[in-house]
Amino acid sequence: MTLLHIETSTKNCSAAISRNGELLCLCEEYDENYGHSEKLHQFVNWALEGAEISLNEIDAVCVSKGPGSYTGLRIGVSAAKGFCFGLNIPMLSLNSLEILAQSQINKGFDLIIPMIDARRMEVYTAIFDTSGQMISEIEAKILDESSFQELADQKIVFVGDGVEKSKSILNLPTVEFIDNLHPSAKNMIELAEKKFEEKLFEDVAYFEPFYLKEFMTGAKKKP
């Protein structure tokens with residue numbers, strides 16, 4: 001199978017092509033100004049050129065559904081829908097935290113805790129085991145000195161752009177902080193292929209990004 005992967009949930013804009021589990025080409029760039037709308041389609045074109053395939057050879061598109069940047073997610077999902085409608089191919093989705101967790105699987109940690117910045121002292125996060133299996137609910141968590149203290153006896157890696165603000169707050173004995181990594185299309189391949197094989201496709205017409213914070217806001221107050 002040949003898949004196009006799109007990841008735009010953070011300031012990292014990323015596109016990749018894979019075939020039968022092998023990464024053929026990756027194009028990505030970290031942009032403080034979220035220039036994803038100008039760059040994403042160019043990155044897809046470059047990835048196709050680098051992989052030496054045409055767009056018509058793509059069997060499905062896998063997109064990061066969030067949580068993450070509202071603007072980034074809208075751009076990525078809109079592009080994925082456009083490719084799927086235009087080529088009449090299925091769409092897959094992965095959450096951005098499981099994509100980030102893939103970068104640390106089987107590296108000797110008991111737990112992997114990806115963090116995506118949600119501004120102020122809040123992060124989008126969830127807990128994964130060493131194989132990359134999510135073992136807690138995704139949440140928008142406000143960090144303080146008591147955060148994750150129940151996991152103090154575990155060897156933990158915190159990874160993502162939300163890690164920097166956690167370093168001075170979290171007081172845990174066996175912790176590694178990795179703050180220079182972001183969700184990347186290259187880490188979507190294995191998960192996307194599994195979903196493709198199981199035919200876990202999204203409804204392209206009705207699919208929406210997983211914003212999380214909007215969901216957690218609750219019903220609007222009546223005037």
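Here's a quick tour of the cores, the rings and the main pocket in this structure. It's a predicted model, where local features need pLDDT of at least 70, side-chain atom pairs count only at pLDDT 80 or more, and totals for chains, interfaces and linings use all residues. Residues are numbered from 1 along each chain as its sequence is written, and side-chain values use heavy atoms, leaving out hydrogens and water.

**Nonpolar cores**
- The largest nonpolar core (buried Ala, Val, Leu, Ile, Met, Phe, Trp, Tyr and Cys joined through side-chain atoms within 4.5 Å; buried means under 20% relative accessible area with a 1.4 Å probe, protein chains only) has 27 residues.
- Leu4, Ile6, Ile17, Leu40 and Val61 have the most contacts inside that core.
- Two or more residues each come from β1 (2–7), β2 (12–19), β3 (22–30), α1 (36–51), β4 (60–66) and α2 (70–87); helices (H or I, at least four residues) and strands (E, at least two) are DSSP runs, numbered from the N terminus.
- Apart from this core lies another, of 17 residues, with Phe109, Ile112, Ala118 and Val159 among them.
- Leaving aside residues up to four places away in sequence, Ile17 touches (heavy atoms within 4.5 Å) residues including Leu4, Leu24, Ala47 and Ile58.

**Rings**
- Five aromatic pairs turn up across the whole structure, counting Phe, Tyr and Trp (its six-membered ring) with ring centres within 6.5 Å.
- Phe148, Phe158 and Phe177 are linked into a cluster by ring pairs.
- Lys141 puts its charged end over the ring of Phe148, 5.1 Å from the centre; the cut-offs are NZ of Lys or CZ of Arg within 6 Å of the ring centre and within 35 degrees of the ring normal.

Conventions
Phe/Tyr/Trp six-rings, centres within 6.5 Å; stacked < 30°, edge-to-face > 60°. Buried < 20%, exposed > 50% of the residue type's maximum accessible area, 1.4 Å probe, protein only.
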